[in-house]
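Reader: I would be grateful for a close look at one part of this structure, namely the side of one chain that touches its partner. Please set it in the context of the chain as a whole.

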Amino acid sequence: MLELKHLSYAVQEGDGQLGILNDISLSVADGSLVVFTGPNGGGKTTLAKSIMGLVQPTAGEIFWNGENITHLGITDRARLGISYGFQQPPRFKGLTVRKLLTLASGDERLSKDRCCQYLTRVGLCANDYLDREVDASLSGGEVKRIEIATILARQGKLMIFDEPEAGIDLWSFARLTETFEQLHAAGGATMIIISHQERIISLADEVIVVGEGRLRHRGAPAEILPQILSDTLGGCPVLTKEAKAL
Amino acid sequence: MMDTAIDRELLEKIADLLGKPVGAFNIRKDSGCDGRQSTEHIQITSKEDKPGIDIRIQPGTVGETCHIPVIITKSGLSEMVYNDFYVGENCDVDIVAGCGIHNCGDQESRHDGVHTFYIGKHSHVRYTEKHYGEGTGTGGRVMNPQTVVYLEEGATIQMETVQIRGIDSTKRDTKIVCGPGAEAIITERLLTHGDQTAESDMEIILDGEDSKGRVISRSVAQDESSQVFYPRMVGNAKCFGHVQCDSIIMGGAKIKSIPAITANCMEAQLIHEAAIGKIAGDQLLKLETLGLTEEEAEDCILQGFLA
């Protein structure tokens, strides 16, 4: 189980402090799929990064399976089974897709068949990609799908995905949602997905709306989705009738 | 031949040799010949006027390999060697060179070599040259290779040079002249550390119509080492040339990269790219999320970059 207790993260702004995360407490049950959603700049990515150790909170504690991991580094958290798919993954000159998957799996003799399975689940063909370098020759969508494949190869107990749908075409996105659905059905891992996509939100056991560094709403998709929709332009009380018609 | 553990280690490092090579070979050790074998199609003979060998590859030789590694195990040894390669028409061969220095003394060990290739029409040559230095002595390990290649019509050379580590000073000088339809692909990998210095001066002259040149240079400068690159591509006819230099800079190192392209013909199409930068922080973080320590992540990035 993942537990966040009174988690805060603030940065210096002028003479004062700007709170990015403000006293967040949260529990995520083993095997569940939780979606973080909410407005841009609301703190979703910072919250997810603090779980992986990419951001060090200024207050509060993080527990993973009962162990206080608040002060553990990224590597140690990764070795405890936490994995993280970046919203904008880095590129590596000289590192091939095969090498990256091998590193992710921790198995130096990772077979082509296994690589093929991971890549197929993100809509890529191993024959076309295994020996390619993860460099600027790949499109943003390709790099993103390879990033997700590394998380699948990692086989962690807690998988965090930051906007996995961003930059991915419609066909690959459909394949990706199937993969998330299958992973969730298998029940081997806890998943936290940052997403704005209705199809991904509808897969969740629980949807958490993060805004202004706080947990604004939480509940089942059927309960939260209407609230999200009411917060869109159509639900804006300020817009005039003419503006809504545009 | 290969009688000590040091010899065997050096030969494995620079030429991937684990025993007696298959095919033609010449092993030069401490300025002497430590083993030689010619084949029906590849003849190796000593030069009579100066140190070095002539390698003559008969026209139509396909699928053969020629190993000509050099090892130096004596401190204070300095040599200048001239090797000439005459490759006939319609060949397809691999040539594996390389130099390893083991210096446990306090005097400088130095190998200067001039390799000149005359590659006949429609022949394809893959040329690999690895440099490596080791030893606990304070004496310097110095290598200054000069490579000159003349490609006749439709000929190609794929040249891969690697400075693995341990070379205190190097000055590389490469000149390639491409005839009509000829193609030169040069991949250069170079690592310096400590207070080492490296300089690579390269000129690809695209003389013939439809000739092509491609230079891919990747280097890593660590500690207080310094590197200078001068890759130049000259287009004298309808041709295509691409120079790409990438360097990773670390510690207190210094790198200077000065690619140049010169077009002397309206139909010449030449491109150069050069980049120097440190290891990106997001690359390290990504690999750490895969369970690598920061040091392991750094090694992995450097190994991949120089692979």
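Author: The following account begins with confidence, turns to the contact between the chains, and ends with two backbone details.

The model is predicted, and chain A averages a pLDDT of 91, with 93% of its residues scoring at least 70. Among the elements of chain A, the highest mean pLDDT, 98, belongs to helix 2 (residues 74-79), whereas helix 10 (residues 241-245) has the lowest, 61.

As for the contact itself, chain A contributes 21 residues and chain B contributes 18 residues. On the side of chain A that touches chain B, two or more residues come from each of helix 2, strand 6 (82-85), helix 3 (97-105) and helix 6 (140-154) of chain A. Helix 2 of chain A supplies the largest share of that side, 4 residues. Sorted by class, the side of chain A that touches chain B comprises 12 nonpolar, 5 polar and 4 charged residues.

Two residues of chain A also merit attention for their backbone angles. Asp23(A), in strand 2 (residues 16-28) of chain A, is not a glycine, yet has a positive phi of about 55°. Asp23(A) counts as partly exposed because it has 14 C-beta neighbours inside 10 Å, a count that falls between the limits of 12 or fewer for exposed and 20 or more for buried. Glu212(A) lies in the loop between strand 9 (206-211) and strand 10 (214-219) of chain A. Its phi is near 50°, a positive value in a residue other than glycine. Glu212(A) has 14 C-beta neighbours inside 10 Å and therefore counts as partly exposed.

Key: Residues are numbered from 1 along each chain as its sequence is written. Chains are lettered from A and ligands numbered from 1 in the order in which they are written. This is a predicted model: local features need pLDDT of at least 70, side-chain atom pairs count only at pLDDT 80 or more; totals for chains, interfaces and linings use all residues. pLDDT is the predictor's confidence in each residue, from 0 to 100. Two residues are in contact if their C-beta atoms, placed from the backbone, lie within 7 Å. Ala, Val, Leu, Ile, Met, Phe, Trp, Tyr, Cys and Pro count as nonpolar, Asp, Glu, Lys and Arg as charged, and the others, Gly among them, as polar.
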